[in-house]
Amino acid sequence: MVLEIQKPRPIWQIMFSTHHTDVGLLYLITSLAALFMGGALALAIRLELFLPGSQIIADSMTFNRMFTVHGTTLIFLFILPFASAIGNYLIPIMVRYKDMAYPKLNAIAFWMIPPGFALVWLGFADFTWNAYAPYSVISAPGPAADMWIFGLKILGVSSILGAINFIVTILKCKHPDLPLSKIPLLAWAYLTSSLIMIVAMPTFAAALLMLLTDRLGVSGFFNPARGGDPIAYQHLFWFTFHPEVYVLVIPAIGFMYEIIPRFSRKPIFSHGSGVAAFILLSIVSFASWAHHMYATGMSFTEKTVFMVGTLAAVPASAMHVFNFLATMWGGRIRFATPMMWSVGGIALFFSAGAGGVVNTAMPLDFITHDSYWVVGHFHLFVMGTIAFGSFGFLYYIFPYVTGRMYNEKWGNVHFITSFIGAVMVFFTQHVLGLYGMPRRIFDYPPFPEWVAMNQFASIGAMLLGIGAAIFLVNMIYSAAKGKEANMDDPWGIGGKYYYPYQQKNPHH
Amino acid sequence: MRKIFGLSCILTILFVVPTVQYVLAAGDEPGEYLDRRVEIWNLFFRLMTVAFVIGAVVSGTLIWLVLRFRESNPKAKPTKYEEAGEW
């Protein structure tokens, strides 16, 4: 592992390195920067919605720009790069190889992120992270929209390159004595999510090109005025981005598969069922994209097919949850910070999944469509499951990266504030949706129920913000002045570590 | 785990497939009148009943696991894997 703080090197040595831990560190720092930038926008949005009328944001256009960049940043610049960071650190070690399969390609994949990041933030587009046609074709102001399209194009290519690297590293570079059936579940998580990425992402890459040529007036794929079909864009978008949900969530589940056995002081209950569930999820992820589009006039048969396709994800997800519970059963659980995040993540994953089951039922979908229910549902997934799993793993890997321990007490405070905050914001948003509040609105009528629930959700968001501030201070202070970690057993829980820091691959 | 997976499959088959088949097939038969909205709401309520029952059981189990198997619980004892050094 990179003990950067204890043995610092010039920054340029890390920036221009192709070693997997150096690239992992770059991914990690970039993703955390994106987390705080995207999170700051979320806080501004919640402050604006604290009361009806304009509060801190001047107009609806600025509001639209803020939640567009918020969503784009947290999905493409926090969650995906964070998963790449952890994968870079651990996958070569887990498959017992000296580095990623293609180290230079790995570094190139990372260095495509800063220009993509810059294009998204400097443009500050306003058409939501979906960029739905026909608005994105006809009316979305340029150059912001065009910068977003180019930014996403670059980020998409980066993701594909990263996915190719993970697949080749796991399948072709693993140690000959290590059968695929024995590689850790985290490595399986990266293998399946990378395969999904390879299959799904090119569709969106094509859609982005079509969108761009439509905007330039060269074509009319999605422009109704030129005989195009805006609904086709939605199909192309969701064919990529419903599977992408699994690309985001599968590594987070993999993180939990590392943490839960470690802190339960037991091996994982069933390695085989974890592998089977990952493979099942990767297949059914492609069977549900149009459940985002029930309201677009699809036939009853089509809707039924996609409803059943969506429900097919439930058994696979349940297999993971039961695997976690069975692992904890009979254990002697140390509730250190990583374990708290993982257990909290399981609870919220389950809640988010239950909401998803409700949402995929056609009758209720028509009630909740484009309402705050949807906002609450997917945030419960991305924040409550994916970010919780990621935070847990960041605390877990912290001693390996820095050689020091984080402050356990403040780690616990971070978890508790974030858990309460997440429940306050995202559960409330479900109810707000049932009360009829539409999503993506800058202002709302002063119905007492809406005002009260928005205020409750905004207070929850402030709690999340306080937790994030505590996290930032804890990370910086502990990395610089934290207690030196016992690298053989940072939490004093015994057992054999799977990837002791002594396995550090030499720099090259 | 295999049993759990089997149970999940059976539940899916029991609740979803017959209703979907009925809804799709009945519409094709002359003289059969079917209010698809009623059928689909029925499916929804059955699914919700199953979801809430499973949800309550799993959530309750998770809370119990956290309380019972935390290392500070007086009943906590080293796992067999700790003692055998296999973990």
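**Notebook: cores, chain contact and helix 12**

I looked up I79(A) and found it touching L74(A), L248(A), V382(A) and I386(A), leaving out residues up to four places away in sequence; contact here is C-beta atoms, placed from the backbone, within 7 Å. The model is predicted: local features need pLDDT of at least 70, side-chain atom pairs count only at pLDDT 80 or more, and totals for chains, interfaces and linings use all residues. Residues are numbered from 1 along each chain as its sequence is written, and chains are lettered from A in the order in which they are written.

I then checked the largest nonpolar core (buried Ala, Val, Leu, Ile, Met, Phe, Trp, Tyr and Cys joined through C-beta atoms within 7 Å; buried means 20 or more other C-beta atoms within 10 Å of a residue's own). It has 163 residues, and I79(A) is among those that touch the most other members, as are L186(A) and M256(A). Helix 3 of chain A (60-94) gives the largest share, 20 residues; helices are DSSP runs of H or I, at least four residues. I noted another core apart from it, of 6 residues, including Y372(A) and W373(A).

Next I took the contact between the chains: 37 residues of chain A and 35 of chain B. Helix 3 of chain B supplies the largest share of the chain B side, 15 residues.

Last, I checked helix 12 of chain A (313-328). Its 16 residues should span 22 Å at 1.5 Å a residue, and the end C-alpha atoms are 23 Å apart, which agrees; the expected span is 1.5 Å times one less than the number of residues. I counted 14 of the 16 residues as buried. Just after this helix, G330(A) has a positive phi of about 80°.

Technical notes: A residue is buried if 20 or more other C-beta atoms lie within 10 Å of its own, exposed if 12 or fewer, and partly exposed in between; C-beta atoms are placed from the backbone. Helices (H or I, at least four residues) and strands (E, at least two) are DSSP runs, numbered from the N terminus. Two residues are in contact if their C-beta atoms, placed from the backbone, lie within 7 Å.
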